Amino acid sequence: MAQQDDVFKKIVSHAKEYGFVFPSSEIYDGLSAVYDYGQNGVELKNNIKRYWWDAMTLLHENIVGIDSAIFMHPTIWKASGHVDAFNDPLIDNRDSKKRYRADVLIEEQIAKYDEKIEKEVVKARKRFGDSFDEAMFRQTNQRVAENVAKREALHNRFSEAMNANNLDELRQIILDEEIVCPVSGTRNWTEVRQFNLMFKTEMGSTADGAMTVYLRPETAQGIFVNYLNVQKTGRMRLPFGIAQIGKAFRNEIVARQFIFRMREFEQMEMQFFVRPGQEMEWFRYWKEWRLRWHKALGLGDDKYRYHDHEKLAHYANAATDIEFKMPFGFKEVEGIHSRTNFDLSQHEKFSGKNIKYFDPELKENFVPYVIETSIGVDRMFLSVLCSSYEEQALEGGDTRVVLHLPAALAPVKCAVMPLVKKDGLPDKAREIVNDLKFDFATHYDEKDSIGKRYRRQDAIGTPFCITVDHQTLEDNTVTLRERDSMEQTRVNVADLHRLIHDRVSLTSLLRKLS
Ligand code: GAP
């Protein structure tokens, strides 16, 4: 675990050093859980968004996009349940004055039991070597059995308390488990209180009678309240989907793990409207299809798993998360929810407007059911970054840091480098850049030794480096160096466009999905 923490720290500092992610307002000592994307970060982020957007809107002829405003009528958040129930349970330690999420403290306690169990298994595996029967050991070892029993009891008690919204019980669990504040080391806890995660602000001047409005905590509601506009103006028929990418804001109590949990973040959400009764079929479709989208990136199939929700929100009849193996464990990156007709029905009730769909085949009016796919851009960014980062030992004792980014997502696709800064090589290199730049993000680099220039491009994940040397002036060939294998091949300048396009285009990625 300590080793994984080290790797994660290195990834965070690499992200800063190479212009991917900066702490927000850094010269003012930063703003907690808010980050800025740098020159390479914004390109990687845009490529992720483009991959998602094209996969949704180009590959599905019944999905269109919208871009709704961040500010919306405040009653929307009353109807959606966010005003009353978008809460986290918080608890303060009186000695350190630090604030925590009560549910996170308990989840960490559950994780401690898991760690204890795993430790026993690892120890036993070492002791017994090849003859180790893990399943048998887990069943029969007394210490493992005790910890499994404690973990299960805690898990059940915790789930019940959360479902019943029982704040006293959450506090009692923290006391019974003897959970201490990581800062003060004491158990001097306050009561548990609910904390609403929405940011509020005022719209209009006070003299006009200002209205309290919220920064949206999800983009989905902008889709729900527009669904009939899109359906009518686009003459859409069920089933159809509406996709949206945009900022969302949550006043997270515990903000950590870099861009994993932010107060300002971006979501890519798609609401798919279906006839009542067909939602489970479409839920299964989207569950499978979204995982395919992730896996097509080639980050490693073993890095994903589904987490099906056993306990469902009152409006959902199925829900699953796609989790990704981050350096700090498997974590949710995307949620797929069958939300029934809850949101639309609530908006019908609170707005007093009829927002039923008329089904021309069934000749019936009804409120459609909805399957939602909701993924955080920043979490996706983090998963791509973490799984691409490698410190590689090279032959001869040298090392390099390389980002094995999926080529279609890489911020820079190729870098053109004259071997030396004389003899007309820079001019020839510029000529190549001027040809490639219309289709690919292309860098020109003539500073430092060629080895150092390669390392710089490796560190930002550039799939190709093109080196112009004296031979280029004679036969119009260059060396094309591939990032991951570091293999160099001599190719004709006229073939560069095709060779690069085959590897870096989004089209090749999208083709895997259709
Ligand atoms: N409309 C449904 C919805 O918002 P959610 O599970 O709360 O569902 C969806 O959020 C996704 O948004 C998550 O899977 C995660 O990727 C991302 N997300 C949520 N809160 C976030 C935060 N504080 N920072 C970064 N990403 C977040």
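**Close-up views of a predicted model**

**View 1. The β22 and β23 pair within a five-stranded sheet.** Strand β22, which spans residues 477-482, is joined to β23 by five bridges, and the two strands run antiparallel. Within this pair, Val-478 of β22 has Val-491 of β23 standing opposite. Like every view described here, this one shows a predicted model rather than an experimental one. The pair belongs to an open sheet of five strands, arranged in the order β20-β19-β21-β22-β23, in which the pairing is mixed. At the edges of this sheet stand β20 (442-444) and β23 (488-492), each of which pairs on one side only. Averaged over the sheet, and with direction ignored, neighbouring strands are turned by 25° against each other.

**View 2. Helix α17 across the five-stranded sheet.** Helix α17, made up of residues 496-504, lies across four strands, namely β19 (414-418), β21 (464-468), β22 and β23. With respect to β21, the helix runs at about 165°.

**View 3. A three-stranded antiparallel sheet.** Here three strands form an open sheet in the order β5-β4-β6, and their pairing is antiparallel. Strands β5 (99-101) and β6 (193-196) stand at the edges with a single partner strand each, so one side of each is left without a neighbour in the sheet. Neighbouring strands of this sheet are turned by 45° against each other on average, when direction is ignored. Strand β4, which covers residues 87-92, pairs with β5 in the antiparallel sense over three bridges, and Ile-91 stands opposite Tyr-100 in β5.

**View 4. Two helices lying across the three-stranded sheet.** Helix α5, which extends over residues 102-128, lies across β4 and β5 and runs at about 65° to β5. Helix α8, comprising residues 167-176, lies across β4 and β6, and its direction is at about 45° to β4.

**View 5. The hairpin of β17 and β18.** Strand β17 (residues 389-393) and strand β18 (residues 399-403) pair in the antiparallel sense, with five bridges between them. One of the paired positions is that of Glu-391, whose bridge partner in β18 is Val-401. Five residues lie between the strands of this hairpin, in which Gly-396 takes a positive phi near 85°.

**View 6. The shell of residues around the ligand.** The ligand is surrounded by 19 residues, of which the closest are Glu-218, Glu-252, Glu-269, Glu-332 and Val-333. By character, the residues of this shell divide into ten charged, five nonpolar and four polar. Three strands, β10 (264-274), β13 (329-338) and β16 (369-376), each supply at least two residues of the shell, and the largest share, four residues, comes from β13.

**View 7. Polar atoms facing the ligand.** In this view of the ligand, a nitrogen atom is 2.6 Å from an N or O atom in the side chain of Glu-269. A nitrogen atom of the ligand is also found 3.4 Å from a polar backbone atom of Phe-260, while an oxygen atom of the ligand is 3.0 Å from a polar backbone atom of Gly-376. On its own the ligand has 550 Å² of accessible area, and the protein covers 90% of that area.

Key:
Residues are numbered from 1 along each chain as its sequence is written. This is a predicted model: local features need pLDDT of at least 70, side-chain atom pairs count only at pLDDT 80 or more; totals for chains, interfaces and linings use all residues. Side-chain values use heavy atoms; hydrogens and water are left out. A residue is near a molecule or strand if one of its heavy atoms lies within 4 Å of it. A polar contact is a pair of N or O atoms within 3.5 Å; within protein, one must be able to donate a hydrogen and the other to accept it, and residues adjacent in sequence count only if both atoms are side-chain atoms. Accessible areas come from the Shrake-Rupley method with a 1.4 Å probe; for residues, only the protein chains shown count as cover. Ala, Val, Leu, Ile, Met, Phe, Trp, Tyr, Cys and Pro count as nonpolar, Asp, Glu, Lys and Arg as charged, and the others, Gly among them, as polar. Two strands pair if DSSP finds at least two bridges between them. Axes are lines fitted to C-alpha atoms, for helices over the stretch in contact, and angles run from 0 to 180 degrees between N-to-C directions. Contact means heavy atoms within 4.5 Å.
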